[in-house]
Amino acid sequence: MISKKSFIMFLFLSLILFGCEVLTKDSYDFYKDVETTDLSSENINSVHIGSSENEIIEKFGVPQKEDQDDSFKNISYENNGLLFLLKNNKLIEYRINNSNYSTNKGIKVGDNKQKVIEKYGKNYYTKKEDRTYSAIGYFDKVKKLHIEFGLSKGKVTFINVVDMR
């Protein structure tokens with residue numbers, strides 16, 4: 001029979017060896033905890049959630065990389081720091097990885113966390129992944145949109161906009 005002390009020591013060592021992944025929350029775990037934020041105007045050069053592949057190509061040109069998997073397609077503009085994910089030819093997620101583009105409210109990679117909060121408000125969640133990476137995010141519960149700002153040392157490192165439907 002394992003003693004309580006041995007079990008606690010085993011659990012502690014397991015967390016150290018395998019990381020605290022089981023304790024890490026997914027962004028959607030915070031959905032019920034935060035109030036809605038209007039994200040209906042989010043776009044990047046007039047490309048928004050629901051846009052078609054043709055609309056993306058019209059705005060950004062021929063992609064540098066494309067990957068197709070069943071009904072999903074990744075379109076990448078690596079030099080511009082842009083990634084688009086389509087499902088059945090409709091944009092369901094995009095990611096901004098450099099400061100050439102901004103959100104509808106003017107946030108771009110390199111801005112600080114405080115500026116994000118000033119522009120998007122206080123109805124956000126905070127997610128901490130490890131010592132160097134965290135994120136804050138907002139949900140539009142009416143339009144079913146989600147925006148997340150990856151942070152490192154208090155600065156935005158990426159922006160992700162997702163269709164939650």
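Contact here means heavy atoms within 4.5 Å, and the structure shown in these views is a predicted model.

**View 1. Surroundings of Ser76 in strand β2.** Ser76 touches Pro63, Gln64, Lys65, Leu82 and Leu83, when residues up to four places away in sequence are not counted. With a relative accessibility of 8%, Ser76 counts as buried, and the strand that holds this residue, β2, is among the elements that give two or more residues to the largest nonpolar core.

**View 2. The largest nonpolar core and its most connected members, Ile44, Phe60, Phe84 and Phe149.** This core has 29 residues, of which the four named in the title touch the most other members. Two or more residues each are given by α2 (53-60), β2 (72-77), β3 (82-87), β4 (90-96), α3 (113-120), β6 (134-140), β7 (145-152) and β8 (155-163), and the largest share, four residues, comes from β7. Such an arrangement follows a general pattern: in soluble globular proteins, nonpolar side chains tend to be buried together. For Phe84, once the neighbours within four places in sequence are left aside, the contacts include Ile44, Val47, Ile56, Phe60, Ile75, Tyr77, Leu91 and Tyr94, and Lys73, Asn74 and Glu93 are also in contact with Phe84.

**View 3. Helix α2, with Glu53, Ile56 and Phe60 buried.** These three residues cover an arc of only 60° around the axis, which puts them on the same side of α2, whereas Asn54 and Glu58, on the other side of the helix, are exposed. The cover over the buried residues of α2 includes β1 (65-69), β2, β3 and β4. Just after the helix, Gly61 takes a positive phi of about 85°.

**View 4. Glu53 of helix α2 and its contacts.** Glu53 has a relative accessible area of 14% and is therefore buried, since the cut-off for a buried residue is under 20%. Apart from neighbours within four places in sequence, Glu53 is in contact with Glu66, Lys73, Ile75, Leu86 and Asn89. The C-alpha atoms of Glu53 and Asn88 are separated by 9.6 Å, although the two residues are 35 residues apart along the chain.

**View 5. Helix α3, with Val116, Ile117 and Tyr120 as its buried residues.** Seen down the axis of α3, the buried residues fall within an arc of 95°, so they line one face of the helix, and what covers them includes β6, β7 and β8. At the N-terminal end, Asn112 caps α3, with a side-chain oxygen 3.2 Å from the backbone nitrogen of Gln114. The helix is followed by Gly121, which has a positive phi near 100°.

**View 6. Strand β6 between its partners β5 and β7.** Strand β6 is mostly covered, seven of its seven residues being buried: Ser134, Ile136, Tyr138 and Asp140 lie on one side, and Ala135, Gly137 and Phe139 on the other. Strand β5 (residues 125-128) pairs with β6 in the antiparallel sense over four bridges, with Tyr125 standing opposite Gly137, and these two strands form a hairpin with five residues between them. The pairing of β6 with β7 is likewise antiparallel and runs over seven bridges, and in β7 the bridge partner of Ala135 is Gly150. The hairpin of β6 and β7 has four residues between the strands, and in this hairpin Lys144 takes a positive phi near 60°.

**View 7. Asn160 in strand β8 and its polar contact with Glu93.** The side chains of Asn160 and Glu93 make a polar contact at 2.8 Å. Asn160 counts as buried at 11% relative accessibility, and beyond residues up to four places away in sequence it touches Glu93, Tyr94, Arg95, His146, Ile147 and Glu148.

**View 8. Positive phi at Asn89 and at Lys153.** Most residues other than glycine have a negative phi. Asn89, found in the loop between β3 and β4, nevertheless has a positive phi of about 65° and, at 39% relative accessibility, counts as partly exposed. Lys153, found in the loop between β7 and β8, has a phi near 55° and, at 78% relative accessibility, counts as exposed.

Conventions
Residues numbered from 1 in each chain as written. Predicted model: local features only at pLDDT ≥ 70, side-chain atom pairs only at ≥ 80, totals over all residues. Heavy atoms only, no water. Core = buried A, V, L, I, M, F, W, Y, C linked by side-chain atoms within 4.5 Å. Buried < 20%, exposed > 50% of the residue type's maximum accessible area, 1.4 Å probe, protein only. Arc of directions from axis to C-beta. Polar contact = N/O pair within 3.5 Å; in protein donor to acceptor, adjacent residues only side chain to side chain. Pairing = 2+ DSSP bridges.
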